[in-house]
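I opened a fresh notebook page for this one, fellow modeller. My plan was to look up strand pairing first and then see what packs around it.

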Amino acid sequence: RTPLNSIIGFSQLLEKQEIKDLSDKQKEMITYIKNGGKHLLEMVNDILDLSKIEAGKIQIDFKPFDFGKMLKRAPNIIKALAYEKKIEIDLNIPDDLGWINGDETRLKQVMFNLLSNAVKFTDQRKRIGLEAESGEDNFKITVWDQGIGISKKDQEKIFDPFEQVDKGDGLNIGGTGLGLSISKKLIELHQGTLTVSSKKNEGSRFTILL
């Protein structure tokens, strides 16, 4: 990660400076370097996380925290992504959802993965949502979207490492193909489950039971 941080850091410095000798094309190339570095850093972080989980060396720090409060704040981390595509975010979380004993940082990571995927696979001016409810001994959280949906054959493998949904138009969605695999493993380390229900071109629903 250290050399990647140097690449990203210095490209950001170049981008911010007023360099009169650089052409628009050269400035565009600096942006490509910065964005490529960030993408590669994301891949490195995901691979390190997956390696730690599979080696049984991931640290899960169980502490009580206000689960409803965390979930209400979760969409803030993807608001900029949603704004770019003019996607509305529906939130349905009770004020008295309650507290949970879990690793808040890791559960935030799961929410980011699911919400950012929802934005990524949903066309402009449509909607995504986050809803939650509590039962006698569990919490049920659902992230839904009005996106491209997932075929039955893809549903069987999307939680496998490096697998990505086929968008069907030849366009590269981006990402590492590790987010869902990591999310499922993190939820299982909390003694929970992560499942999907979807139909092609009719959106998807990812449901967490904790």
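Entry one, strand pairing. I started with β4 and β5, which pair in the antiparallel sense over seven bridges. I keep in mind that this is a predicted model. Checking one bridge by residue, I found that S134 has F139 in β5 as its partner.

Entry two, the whole sheet. I asked myself in what order the strands of the open sheet come. The order is β2-β4-β5-β7-β6, five strands with mixed pairing. β2 (88-92) and β6 each have a single partner strand and stand at the edges, so one side of each has no neighbour in the sheet. I also noted the turn between neighbouring strands, which is 15 degrees on average with direction ignored.

Entry three, helices on the sheet. I looked up α5 and saw that this helix lies across β4, β5, β6 and β7; its angle to β5 is about 25 degrees. Then I turned to α7, which lies across β6 and β7 and runs at about 135 degrees to β6.

Entry four, the core. The largest nonpolar core has 44 residues. F67, L71, I141, F206 and I208 have the most contacts inside it. Among the elements that give two or more residues to this core are α2 (24-54), α3 (67-73) and α7 (179-189). Which element gives the most? I found α5, with seven residues.

Entry five, a closer look at F206. Leaving aside residues up to four places away in sequence, I listed what F206 touches, including L114, I141, V143, I158, F159, L180, L194 and V196.

How values were computed
Residues numbered from 1 in each chain as written. Predicted model: local features only at pLDDT ≥ 70, side-chain atom pairs only at ≥ 80, totals over all residues. Heavy atoms only, no water. Core = buried A, V, L, I, M, F, W, Y, C linked by side-chain atoms within 4.5 Å. Buried < 20%, exposed > 50% of the residue type's maximum accessible area, 1.4 Å probe, protein only. Helix = DSSP H or I, 4+ residues; strand = E, 2+ residues; numbered from the N terminus. Contact = heavy atoms within 4.5 Å. Pairing = 2+ DSSP bridges. Axes fitted to C-alpha atoms, helices over the stretch in contact; angles between N-to-C directions.
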